[in-house]
Amino acid sequence: MNEEPTKDLATRAFQKRVLDEFAAVRREQAAFAAELSAMRAEQTAMRAEQTAMRAEQTAMRAEQVEIRQDVSGLRKDMADARKDIANIRTDLAETRTHIGEMRTDIAELRMQQTAMAKNIAAVDQRLTTLEERVDARLQETRPIWEAVQEQVQRLIERFDLMLHDLYEVRIDVRVHHRRLDEIERRVPS
């Protein structure tokens, strides 16, 4: 018998197995290629997503820088406001000190005015007493009375000068009082 046809069968079966294996390998390669293509598409999508996230992160960093600048500006504004408030408080304390000094000066002027009024009252009393004595003595002698009358006239002139000075002092006190009222109105409470 001829072994050739059998040999051919074995070769054919072997070839078929090899071809089947090649077909299986090709199917695996195709599946692997499809899987690789899907992975590449997924990788591209991930890269796009990563790029978008980086852009978002950059925008957030820019916003963060702006917020930090705004906060820094606000802190500077607050520091300036605190300095202004401290200056205003200092000015207010100085103003209150000046007002206290002015009130002390006014009190002293009022005490001086009271003392002057008492002095004038005492001078007036003395003058009244003197006039009474002059009248009593005038009855005794005429020449003495005329001499006293001259002295009284001098006293009256002096008294007029004192009254004139007193009125000037009162006018000065009124002027000072008006000035103080005007200053107190200007100073905020």
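Here are some questions and answers about the predicted model shown above.

The model is predicted, so local features need pLDDT of at least 70 and side-chain atom pairs count only at pLDDT 80 or more, while totals for chains, interfaces and linings use all residues. Residues are numbered from 1 along each chain as its sequence is written, and side-chain values use heavy atoms, with hydrogens and water left out.

Q: How many helices and strands does the protein chain have, and what is its radius of gyration?
A: Let's start with the fold: the secondary structure comes to 2 helices and 0 strands. Helices (H or I, at least four residues) and strands (E, at least two) are DSSP runs, numbered from the N terminus. The chain is more spread out than a compact globule, because the globule rule (2.2 Å times the number of residues to the power 0.38, with the radius taken over C-alpha atoms) gives 16 Å for 189 residues, and the radius of gyration is well over that, at 60 Å.

Q: What percentage of the residues in the protein chain are buried?
A: Buried means under 20% relative accessible area, exposed over 50%, and partly exposed in between (1.4 Å probe, protein chains only). The C-alpha trace spans about 205 × 15 × 15 Å along its principal axes. Of the 189 residues, the buried share is 6%.

Q: Which residue forms a salt bridge with Asp80?
A: A salt bridge here is a side-chain nitrogen of Lys or Arg within 4 Å of a carboxyl oxygen of Asp or Glu. Asp80 is partly exposed, at 31% relative accessible area. Its partner is 4 residues apart from it in helix α1, about one helical turn. With the closest N and O atoms 3.7 Å apart, that partner is Lys76.

Q: Which residue meets Glu184 in a salt bridge that links distant parts of the chain?
A: The N to O distance in this salt bridge is 3.9 Å, between Glu184 and Arg103. The two are 81 residues apart, with Glu184 in helix α2 (residues 142-186) and its partner in helix α1. Glu184 is partly exposed at 34% relative accessibility, while the partner is exposed at 53%, and that is Arg103.

Q: What is the N to O distance between Glu182 and Arg186?
A: These two sit 4 residues apart in helix α2, separated by about one helical turn. Glu182 is partly exposed, with a relative accessible area of 36%, and Arg186 is exposed at 62%. Their side chains meet in a salt bridge with an N to O distance of 2.4 Å.
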